[in-house]
Amino acid sequence: MKKFTFKGVLDGFRSSVAQQTRVDQEIVETLRPDNFQVAKTFRHGFPFQPTAVAFDPVQRLLAVGTKSGSLRLLGRPGVDSHVRHEGEGMVLQIQFLLNEGALITATSDDSLHLWNFRQKKPEVVHSLKFQRERITCIHLPLQSKWLYVGTERGNIHVVNIESFVLSGYVINWNKAIELSRKTHPGPVVHLSDNPLDASKLLIGYETGQIVLWDLRTRTAEMRCQSAEPLRSISWHHEGKQFMCSHTDGSLTTWTVRQAPKPINVSQPHAKTNKDGKAEACKPIQKVEWKSSKTGEAYVIFSGGLTYDKAGRTPSITVIHGKTTTVLEMEHNVVDFITLCESPWTSDFQDPYAIVVLLNNDLVVIDLLTPGYPCFENPYPMDLHESPVTCCTYLADCPSDLIPAFYSVGSRAQKRTGFSERLWPLCGGEWSPTSCSYNEIILTGHADGSIKFWDASAGSLQVLYKLKTAKVFEKPRSRSVDGVDEDPFAIQLISLCPESRKLCVAGASSHVILFKFRKLESVSETAMLEIPITYEISEEGDCSPEYEYPPRPTLSMASKTDSAEGESKKSSLEYLTPLRVRTGPQKKPPGFQAHLVCLTPLMNGELPSQISSLSINSSYGLMTYGTDFGIVIVDIVQKVCILNMSSPDLYGSADPYQRVPRSPKRDNNSRELDERCRSPSTDQINGVCVSPTAGKQNVGAGNTCSPRARPPEPVRRSKSQDKLDSSFSRSRSSSMSSLENISSEAIQCLAFADSYTKKSDPSTFPTLWVGTSLGSVLTVMINVPPPGESRLTQPVIVSPIGTIFRLKGCILTMSFLDCNGALIPYSYEAWKDENKEGRERIKTPTKSTSNNRMSPTLSGQQDQFGDRQFVVLTSEKQARVVALPSHNCVYRQQITDADFVIKAEIISLKDSVCLVCYISNGHITAYTLPSLRPLIDVDFLPLADLSFQTTKQGIVDPMLSIWGQQMFVNEDTDQIARTFCFSNRGHGLYLCSPTEVQKFTVSADFCSSLAEMVGELFLPHDMPEPPKEGFFKGLFGGGIRPLDREELFGEASGRASRSVAKLIPGPSANIEAMGQRVTSVTGDIARTHQLVVERGEKLGQLEERTQRMMSEAENFSHSAHSLMLKYRDKKWYQL
């Protein structure tokens, strides 16, 4: 008899129920952790807040230091390297070791750093930290290994740059000045040696004290005191005179033999006023005195203009002979360098250009061309021409986009007035590597412009610039009662690369649709005014004939410029912050405005900002979401087909139980509704669709409810709602009260051919909507067939309520087929306007791409089972849901205490994955569809991006609730707009207001990165020093050599250990480790040798022992034989 057990019964149930095949057994995921490597790749733009500049005249390289401690090395186009000092020190001064592939930087934390750039990535060799004194000035004579360091106390130290050890030779301030001086001379502001006599060191103090110090005798050979504080000094190449610049805008010339007074005093820009006195001038921050073989010397200086209105512009002045030229600059001058043919200060320098470092630009002036024109800058230094407000990164985009953008951009950008000579900063070597795919970056700016950049193969070149502000009339005032000071600022960009349709959202809650055309056209721009407002009404105002939940009709009003529209104004007061240019407009080649959607101010209240934007050229639809609702626009018929508040999207499934309320209505609005309703398609599924007639007179049908509108528009703030006690991000534990939900913003929009119901047999057009409260809703779309019916029949949209809910704001939604391949969006291929025919294609973003893309859905749909996956990612978690069954097959908690800033599904190595940037600075990646963790790498602290917020400093450690460090200044929306992930593992973020940083998560790209980076150092012969004339050599007037090793070496003694501390760099640590390894290897070799020798000696001893044993045996045998011979003989027989 069979024995029944509980285990047996369970086994019987298991065997009787058909086991569902697991998805992870069907789909092979090829990505592994070793396919990922996170690394920063290329940095483009202007160095933010520059503080120092230097030039190597032999290598032709320029170095720029910044306030944050960054260091940029620039050569010919493509040669651009970025490194950063450890710590927070500002770069004070840079000094090249000419033609040696190294440079020295002095930073504000009183440290000296020796950088080696003979390899592609510069590295710190040594650092020297001064502990008692602050560094103010450094000077390295040509081909010398001894560096002079001036300090705030007025002392001068000497450092050996090979070992980075202080010499015992010190010039104390109290010995340099006169004994009769009773005050401190101030910090050292200048150090230089005499061009002809290296033993004479010229020291300039801030108060105007100038000392010519004899290094051999350790005494001051000459002392002088200027009447005004000192800013800089420049030698004449003969070494007999030097020129000083002062704070009163004067230049003084001194000789080394006549000390008491200068031989010349001048104020180049001083003007005499009515009283006969010279007007006050600005300080001359720097002067350079350069001689030329072919003519008179150049005196070049910055500043010195008078304080009147005409002299407030920053400037560079060039005095050549009797000609004075003032070159006005657009920004303040940080520093400048005169580029000369000869690096030897004792020779004729022959200047040919001036590099001027401004606060926001780098200008190079041609001195050899009359009029001193500027060189055209080949670097992308104008990235911040207007502040960057958003970025879009398209890697592996269609190959015909870059030529198309370049063709229209080159015609518009005809820049004249530049020098015809070659760009002088031509150091290094870079050969453009051929790349199998193209990369395009779109940057939106505060002035409403959009720049298109070619970012392929590590370069960045502007292709085309689109000015969206030209669509509108010029605003009367810069700001209006709280309206954004930049009304045209670009906030969101959505580009369909295949159809070349571009839609952008601006700061004035406006959306513009552009279509790309190669030729100029004249046409009128269509305009829709779509008010997005949801009013709070009194109880009982809801119309009784509607039962809950009534489907709200198109909750928008129309406004036209006609007299009839003006005569029938409703009780609401409209005010549009922007006005579209009316009538036919001449539109240049490129992206041309096709449709503008404006959000008017109603009753003086500001419209809510646009939080999401999407376009689908195949459907012919554009949609955008705000903090309170969603709008869908038919871009073919140019009508609004849906304008609905966020609560109304739920219908009866609203989890927050927000009661529907009707806005107060008047007779005019009712008449307007009746006029604009389409009787044939009045209501379908409770949603009012737009009329078919009239492209600007958009209908409004308010039956009941747009739901409650908050008293004032509230921007979504991470500091208010990042914490999750439930699915909502509200701090309050009570989630049923409407007061706890300020707004539900539409944060993510995605068009897709998908399923919405479990019984759907096939896919159809849908719009998926993600909200700030973690809800995912769908809108069914019924698009008429292409052709004449598409132009006449309306598009029907039907919200079907919530489907899924996640914790945190929805960030991204993507669709996979049953094999786990990314389903590409459908699009309409771009056609020239002269050609007829439209084509709806559903292929990958790039047809030649090898990415894991689903070619089609046909042939893969079984009669039973799921045929699609949707990947939903929020600020906290990710889910993979099978469609049409709506089963959640995979889920992953991305973070608990932190939140995701940016998430994207990207293609990598013929597969797809989910990558996230989290507020703790980490980048994570997950396989799809199983959401298996691949990497979790600490990449970029969120505090490094705090410059994009209103206030500086973003994380307050004192404000910690439930372990959450909140973003206290402002939300992270702006950071997310400038942080991008793209295909093939590429990424981009705005690392400073003037720079973008590219990065990668692909290990394959990191392995090939070295080939794409330019070479900084190239071997060059050092120019020959100037030859001495016969009489100069005969009478001792030539160059006098100096044995610095004898003065500053061991004979000078040792410096105090408390003055400075040596900090070896990474390379030094490697060398030390290598030395230790070498020494250990040597010890092992010696020990091995001793063992071998010992073995040889033991072998010799063994041989000797065997020989002795053999001899002993022979002796024993001989003795035995002898004994046998004489054993039996008598004594007389012997």
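A salt bridge is a side-chain nitrogen of Lys or Arg within 4 Å of a carboxyl oxygen of Asp or Glu. By this criterion, a search of the whole structure finds 26 salt bridges. The structure is a predicted model, and this report considers its confidence, its salt bridges, one of its sheets and its cysteines.

**Confidence of the prediction**

The chain has a mean pLDDT of 80, and 77% of its residues reach 70 or more. Two stretches call for caution. In residues 536–571 the pLDDT is below 50, although this stretch has 92 contacts in the model beyond near neighbours in sequence. In residues 836–852 the pLDDT is likewise below 50, and here the model shows 48 contacts beyond near neighbours in sequence. Where pLDDT is low, the predicted coordinates should not be read in detail.

**Salt bridges**

Side chains of opposite charge can pair when their charged atoms come close. The table presents three pairs from the model, with the N to O distance of each.

| Pair | N to O distance | Relative accessible area |
|---|---|---|
| Asp34 and Arg32 | 3.3 Å | Asp34 53%, Arg32 46% |
| Arg72 and Asp80 | 2.8 Å | Arg72 2%, Asp80 28% |
| Lys451 and Asp382 | 3.9 Å | Lys451 3%, Asp382 32% |

The partners can be described by their surroundings. Asp34 is exposed, because its relative accessible area of 53% is over 50%. Its partner Arg32, at 46%, is partly exposed. In the second pair, Arg72 is buried, because its 2% lies under 20%, whereas Asp80 is partly exposed at 28%.

The third pair joins Lys451 and Asp382. Lys451 belongs to strand E31 (residues 449–454), while Asp382 sits in the loop between strand E28 (362–366) and strand E29 (388–397); the pair therefore ties together parts that are 69 residues apart in sequence. Lys451 is buried at 3% relative accessibility, and Asp382 is partly exposed at 32%.

Some salt bridges share partners. Through such sharing, Arg43, Arg72, Asp80 and Glu995 are joined into one network. Two members of this network, Arg72 and Asp80, also appear in the table as a pair with a distance of 2.8 Å.

**An open antiparallel sheet**

An open sheet is formed by 4 strands, which follow the order E50-E53-E54-E55 with antiparallel pairing. At its edges lie strand E50 (810–817) and strand E55 (887–893), each of which pairs on one side only. From one strand to the next, the twist averages 15°.

Within this sheet, strand E53 (residues 868–874) and strand E54 (residues 877–883) are joined over 6 bridges in the antiparallel sense. At one position of this pairing, Thr873 stands opposite Ala878 in E54.

**Cysteines**

A disulfide is a covalent bond between the sulfur atoms of two cysteines. The structure holds 0 disulfides. Why does Cys913 form no disulfide in the model? The nearest cysteine sulfur, that of Cys916, is 9.6 Å away, and a disulfide would require the two sulfur atoms to be within 2.5 Å, so Cys913 and Cys916 do not qualify.

Is Cys913 buried or exposed? With a relative accessible area of 0%, Cys913 is buried. Cys426, by contrast, is partly exposed, at 29% relative accessibility.

Key
Residues numbered from 1 in each chain as written. Heavy atoms only, no water. pLDDT = per-residue confidence, 0-100. Contact = heavy atoms within 4.5 Å. Pairing = 2+ DSSP bridges. Helix = DSSP H or I, 4+ residues; strand = E, 2+ residues; numbered from the N terminus. Axes fitted to C-alpha atoms, helices over the stretch in contact; angles between N-to-C directions. Buried < 20%, exposed > 50% of the residue type's maximum accessible area, 1.4 Å probe, protein only.
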